[in-house]
Every structure is written in C-alpha cells, then in structure tokens.
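Me: Please take me through one small part of this protein closely and slowly, explaining each term as it comes up. After that, I would like to see how the part fits into its surroundings and into the chain as a whole.

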Amino acid sequence: MDCTFLDELNDSQRAAVEFCDGPSLVIAGAGSGKTRVLTYKIAYLLSLGMKPWNILALTFTNKAANEMKQRIGGLVGEEVARYLYMGTFHSIFSRILRVEAERLGYAGNFTIYDESDSRSLIKAIIKEMQLDDKVYKPASVHARISMAKNNLMFPDEYARTRSLIERDAEQKVPAVSAIYSAYCERCKKANAMDFDDLLINTYRLLVSDADIRKKYSERFKYVLVDEYQDTNSVQQKIVWLLAEEHMHVCAVGDDAQSIYAFRGANIDNILDFQKQFAGTRLFKLERNYRSTKRIVQAANSLIRHNERQIPKDIYSCNADGDKLSVKPAYSDREEAIIVCNEIKRIKRADRCGYNDFAVLYRTNSQSRSFEEAMRKVSIPYKIYGGLSFYQRKEIKDVIAYFRLVVNPDDEEAFKRIINYPKRGIGDSTVAKIAAVASANGVSLWRVICEPALYGFNPSKATLTKLDAFRCLISSFIEKFVTVDAYALGVEVVKASGISADIYQDKTPENIARQENVEELLGSIQEFVEGRKEEGRADEVHLTDFLQEVSLQTDLESDDGADGERVSLMTVHSAKGLEFPVVFVVGLEENIFPSSLSMGSRRELEEERRLLYVAITRAERHCILTYAKNRYRYGKVEMESPSRFLTDISPEFVDVEDAKDIFMRATSSYSSRGSLFSSDNRWQNSRPVASQFKADPKPREAVHRDVPPVSDTFSPRFRRLQAAASSAVSAKKSMANSSQVKENSVIEHERFGIGTVIRLEGVGENTKATVQFKNAGVKQLLLKFARFKVI
Ligand code: ATP
Ligand code: MG
C-alpha cells in the first residue's frame, strides 16, 4: 500500500512510526507531534495490512478520538478508519463489558451510573443503615470507595485490611467498609456499573479469565495510548494485560503535562512503562511544530523551575513571533473587557475567525465574567467541557429562589426548590399540590399558603414542612423591596440551607459549586455597586438583578456570521488541543496556582505543569492576564500576580506594567462619602465567607516546603518590588489630597485607568463622565464611585 504520507513526518517521528516490532514509548514536549505519531502509526499499520478492528487506540477525550479518526480517514480512507477501536478507556471498555457482562455476573444491558447516581445510592444506604449523614457524608464516602476501587481494593479485602479499618475507626467512620460492601451489592442487584467499575471490571475480566484475556489480546494486535502520563494504575494494568503477550504497544506522553494527580495519575507512569515492558524502544521528539519560537522558549523557561521532570529541550523552527504578553487588569471585569478588545484587535489584524481564539481559565467559575463581557460586545463563544455559568445546577437553584421571591407563582422555580435542599417534601406531595392547583386554577404557591381553602389536606407532618417553606420564602419576600439584591442574595443562600449543603465537605465537585455560588454573589454585589455608581441607587433590588440575568440565562450566545465561536474552557479540558491565539486568564496567587495547591512543592509543580499545558496550546499569540482586584468570597480581594509570571524568563514576555508583577497589591481607593478619605470601603465590606461558610478557605496560603512568595524572587525583583510600592504610596497620598477635575486621570476599582471628560452637578451629586482606556465611556456618581486620582 502507498505510504507516501510518511513523508509528512520528520526523521524522529518517522522512526517512531515505523518501529512496530516491540514496545515503544514516545516522550516528548508539547506540540512535538506525539498525537501525530500515533495517528500516522495507525495509518501505517493499516497500510501494512493490519485490520482496523485489530487496532486499539486509547485517547483522553472523545473529541481527540474523533479528530484522530478523521485524520486517519483522510490518510487511508474513511471506510477503513470507521472500524478502528478508538476512544477513551471508559467508552471502549464499556463496549467490551457489554459483550462479556455475563461472565462478571451482570446482564449485557447494564446501566452506567454517573456520579450523581452513585452519590444518591450511597446516601440511601447511609440512611437505611441509620447512620448519621452528617458524619457519613455521601460525597466523601463515595470518594473513599472510589479510591479503594482504583487501588483494586474490593469490599472483602477492604474489610480484612487492618490499616484501613483502623483509619476509618480513627476518623469516626467505622462503617465505611460496610457501606462499600452494600454499595457494590446494590449496584450489582441493579445491574449497574459506576465509572470506576468500567475500568476495574475490565481489569477483573482480563485477570481472572485466561480465555477472555487471550481473546482480547489476539483481537487487539496493536495497542496505542495517547497522553500516557495521565493514566492511573488500573488503566496501566489493563494496557499491560492486553499487550503483555505480543508486546505490540506504543504509548506517547509528556511528563511535563501530567495534570491529573488528583485523580490518581502519577508522573512516574512513564518511567514505569519502561520497567513493565522490557526492551521498550524510547523515542524523543524535540521539535515543536505548533508554536512560534518565543512561545516555546517561554514555556521551556517556565517548566525548568520544576524539579521532578525528565529533562528535554524543545525548539521551534517557526517564526520568532511576538513575545508573550502579560496584561494586568484592575478587576476581573476589566480583565474580561481587555480580552474582548484583544480578540477584536487580533481578529482584524490577523484576519482570522473566532474559532482561532481560546480563553483558558483555572476553574470553571471564572467563565462568568468572560461570558458576560462577550455577550455585551457580541463575541460568539462556546463553553467546552462544562456548562455555561447560568446553566450550572447550583446557580439555577439559587436563581430559582430569587425567581420565587420575586414571583411566588413561578411554577418551575417552585418545583425546583420546594425540596432543595432536602426538607422532606416528596414528589408525591408536590404532585398533589400541582393537582389541587390545577383543579382550582391557582398557582402552587397559593395552595401552600391556604391549603384548607383549596381542599388540600395532607398529613399534619407534611403541612408543617410546607408551612416552614412558605415562611422561609415569605421572609425573603418581605425584604425584597427594602434590601438590596446582594444582601438578600446572601441571606437566601444562607437561610435556605444551600450553603450548608454545598459547604458540607471539600470534594472537588462541592468546591466547584462553592466557587460558582460565590462568583454569583460577587456578581450581584458588583451589579449593586455598579448601579449606585451610575446614579441608579433605586434599581438595585432582586427584580432588577433578575431582569439583567434573565437575558443571560436563556440566551445561548449566537454564532458568529460564519458559525465561528471563541472557545472558553478550563486548562484541564484544553489538553491536547491547539489554537492560534490563547488567553490564559486569572494568573493570580490563589487562583493559578490554586489556593488548594500551596501546601507542598509537589502540588505547586503540578500547577506549574498546568500553566505549561496552557501556554503550549498557543500557535501564534499567547496573552496572560491577571486582575488586581477580584470579587471573591463576597468582597473585593486585592490579588497578587501569580508567582509563575516571574518564572517565565523576562526576555520572552512583554509586560504592560512591569513593576506590577513584582509588587504586592498596595493600592488604595477612595470610598463612599468622601472622595479623598483613606477609609477603604470595599475592603471593609463583610465577607460572605464568614457569614455562612462552615469551613472557610484559607486566604493566606500555608507554605510548608515552599518559601513565601517574596522570598522566591531574586534580589533584583525584590528591589523593583520595593520601588514600585513606594511609588504607589506616594500616589496614594497625592490622590487623597487632590480634587477631581476635568482631564484628571483616575484609577477605578473595576474599570481601570480613565480620563474625566466632563463633570456635572454639585457636591454630593456630582456626576463624572469618564473615558476609560479599556472599558469605554462611563458615567459615575462620585459619591459612590470607587477610584483614586492619579
Ligand atoms: P501535545 O503535547 O499538546 O498533545 P503533541 O505532541 O501531541 O502535542 P501534535 O498535536 O501531534 O503534538 O502536533 C502539534 C501540531 O504540529 C499539530 O498541528 C501537528 O499537525 C503539527 N505537526 C507535528 N509534526 C509535524 C510535521 N512533521 N510536519 C508538519 N506539522 C507537524
Ligand atoms: Mg497530543
């Protein structure tokens, strides 16, 4: 068969593709063609006569599998590519398990339980065993079970393992073992497998049945794995069981891109591969084809700060390109505006489309400000690997409370929250209320307000619960015209029990929910303050806020004229992808690196690898942004630029405001009442966190084996930092003793730098029209505006 496509590879890639006689491992940096090697190797195997159904290719995402399949189709024809076994571990093995289910005691039509199914089953078991669900939190019990499963520790063995039993006893959860056992039995009885089962049942199948193992090892004559650095130990064992016999296995990966330690992946995977498969041929690829020289050099200079890594030097022969640009913003809002402005500018300058842009953030909750800014300026976008902010469950729940407060007859909102958080009002009660409501032609709310009037006579217990709910909502209704949306929002989250529900533990899912709810509250506060500044202090109530967001909840952002959209996603979901223009946003201490990662050097190194992944997604332009002020935990936090910004060698970055990176946030703004007082209102605003958080996140990172940030700077940077801070204090005192005039340049908390172009009115009610550098023209009522004159 024609193999001319091999000419599209460089020598090292070609060598890796053509080596098919034994195990091989390709370790190489980002963008060096690892995925391309896998793709071409499959095409090559096919051209040698191997049948597509004899090739198993495991990828990290389904998206990656589809792209690879398409590319292979292009090289050898779609009708052949169609029969390849190509997909994620979970998708491929669920197919195999369907066929072999009976051997494991399942029927072939087994159900796959997702996270929430598993969680609610565990919850039910805890209840049936009459355990306290405040001690046995379903999410953390599930995490323990999942961890045990992934370590191939099955219930019997768990119950026999003294160290685990003792640990559980010590942590006052001795029944975990029994819950685990019951959970497995119940799943089995329901003919259901959870996500972990898809992997471990495959493993069990292969390990316990020699015939089956032989069958699949003969079926899959060649096994290929992309992103090997992020496989966990069960996945590795499966690869071993399938390939041990024939040793036809090829794994590709990059230790510098290992970013799933929290799911059990291990940076040593790649090294273990060589031990496991004796005689592995190792290939290294060093040329990056994706990015400009400067992007590659900048990424190299960053990752060099990690101790745990396999040394490699990646180079690019592409154009030099621009330096990475670092753009500070005054606030998360200005950050989003800057990103939108840059997208428009680069789109014009490079004549490219919206598809060429990606905005990458550390956590999903950061998407909100970008969604909002893009909607305002009609930039079409798509959120990958997650829901749009207002579609997320916890946000919909809170908004449903708001809707019910503003309009108690809102049926959907009523149904959504009548029993969330759980207050013992079952579906059948709700169905009865609905029936009574419909028979009387009134809303569900009216029925629970006057049940007897409408002939609704539930048990006394139910009546009490319904009345408690009515009182709760009524108490909010009483306030909603007097109290502003933010104050009421905080109260709703607290009094409804939502905060107790989402702050019950620190599972990754709950942390994400907390971040989202905090982001929502932050946005309400910003909304309230923005309205006051605009002189619209009477439009700060829940109705006004809902009016604003209802436009955002229903609308999916429209496609651009050509169906193109900017991609918004977390860095984790960007793995393996590439875009001509990449924005990495929120580069601040406690965000990126995440505040949860500051405990150890090991975790910090993972965060640094994550930034390495982010930067190396960029082909032509890479823009890094951070905000100096950010609404978090219900107040404006002064943020410090990420320590990683100083890891990147200065010769590869253009910093808009260089001194900034090296200084801790020290600026101060005028506050309500007096333009020039030093009293800093927003810093003093009550933090949401302390109002309802069971377990507040540490604001100051605890450094154990990592020196404090300031100590990690070189003496030169520290001098710069000191100089910058004194410059700021000088400015501050000047600001406090001067007056706003036309042409004054001001620094606004959220909109950044601007020039006063007009002043109207007198005293208290002076209104300034300000032309901001990035945020456009705004009118501000000076008594509420938060800024300083510079
Ligand atoms: P990552 O580490 O991000 O997963 P990777 O090592 O898998 O990256 P690829 O995605 O395979 O890299 O390749 C990066 C880009 O470079 C792709 O657009 C690919 O098509 C291109 N590329 C790789 N090798 C060559 C080559 N020899 N000639 C032309 N383009 C190439
Ligand atoms: Mg790849």
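Reply: Gly29 counts as buried because 26 other C-beta atoms lie within 10 Å of its own; a residue is called buried if 20 or more other C-beta atoms lie within 10 Å, exposed if 12 or fewer, and partly exposed in between, with the C-beta atoms placed from the backbone. Everything said here rests on a predicted model, in which local features need pLDDT of at least 70 and side-chain atom pairs count only at pLDDT 80 or more, while totals for chains, interfaces and linings use all residues. Residues are numbered from 1 along each chain as its sequence is written, and chains are lettered from A and ligands numbered from 1 in the order in which they are written.

Gly29 lies in the loop between strand β1 and helix α2, which covers residues 34-47. Helices (H or I, at least four residues) and strands (E, at least two) are DSSP runs, numbered from the N terminus. Leaving aside neighbours within four places in sequence, Gly29 is in contact with Asp254, Ala256, Asn288, Lys312 and Ile314, where contact means that the C-beta atoms of two residues, placed from the backbone, lie within 7 Å.

One place earlier, Ala28 belongs to strand β1 itself, residues 24-28. Ala28 is buried too, because it has 25 C-beta neighbours inside 10 Å. Not counting residues up to four places away in sequence, Ala28 touches Lys34, Asp254, Lys284, Leu285 and Glu286. Asp254 is thus a contact of Ala28 and also a contact of Gly29.

UniProt, in an unreviewed entry, gives the feature "binding site" to Ala28, Gly29, Ala30, Gly31, Ser32, Gly33, Lys34 and Thr35. The UniProt positions follow the numbering used here, feature names are shortened, and annotations may be inferred rather than shown by experiment. The model also holds ligand 1, and of the 19 residues around it, Gly33, Lys34, Thr35, Arg36 and Tyr289 come nearest; a residue is near a molecule or strand if its C-beta atom, placed from the backbone, lies within 6 Å of it. Helix α2 gives the largest share of this shell, three residues. Sorted by class, the shell has four nonpolar, nine polar and six charged residues, where Ala, Val, Leu, Ile, Met, Phe, Trp, Tyr, Cys and Pro count as nonpolar, Asp, Glu, Lys and Arg as charged, and the others, Gly among them, as polar.

Helix α2 returns when we look at the nonpolar packing. A nonpolar core is a set of buried Ala, Val, Leu, Ile, Met, Phe, Trp, Tyr and Cys residues joined through C-beta atoms within 7 Å. In the largest one, which has 74 residues, Val26, Ile42, Ala57 and Val223 touch the most other members. The largest share of this core, eight residues, comes from α2. Ala57, leaving aside its neighbours within four places in sequence, is in contact with Leu38, Ile42, Met68, Leu84, Tyr85, Met86 and Leu224. A second, separate core of 66 residues includes Ile343, Ala618, Phe644 and Val653.

For the wider setting, the protein has 32 helices and 23 strands, and 43% of its 790 residues count as buried. Among contacts between residues at least 6 apart in sequence, 75% join residues at least 24 apart.

Thr61 and His305 can be set beside the buried residues described above. Thr61, in the loop between β2 (55-59) and α3 (62-76), is partly exposed because it has 18 C-beta neighbours inside 10 Å. His305, in the loop between α15 (293-303) and β10 (315-316), is likewise partly exposed, with 17 such neighbours, and it touches Arg608 and Asp647 when residues up to four places away in sequence are not counted.

Finally, a loop can carry an unusual detail of the backbone. Met247, in the loop between α13 (233-243) and β7 (249-253), has a phi near 60 degrees, a positive value in a residue other than glycine. Met247 counts as partly exposed because it has 15 C-beta neighbours inside 10 Å.
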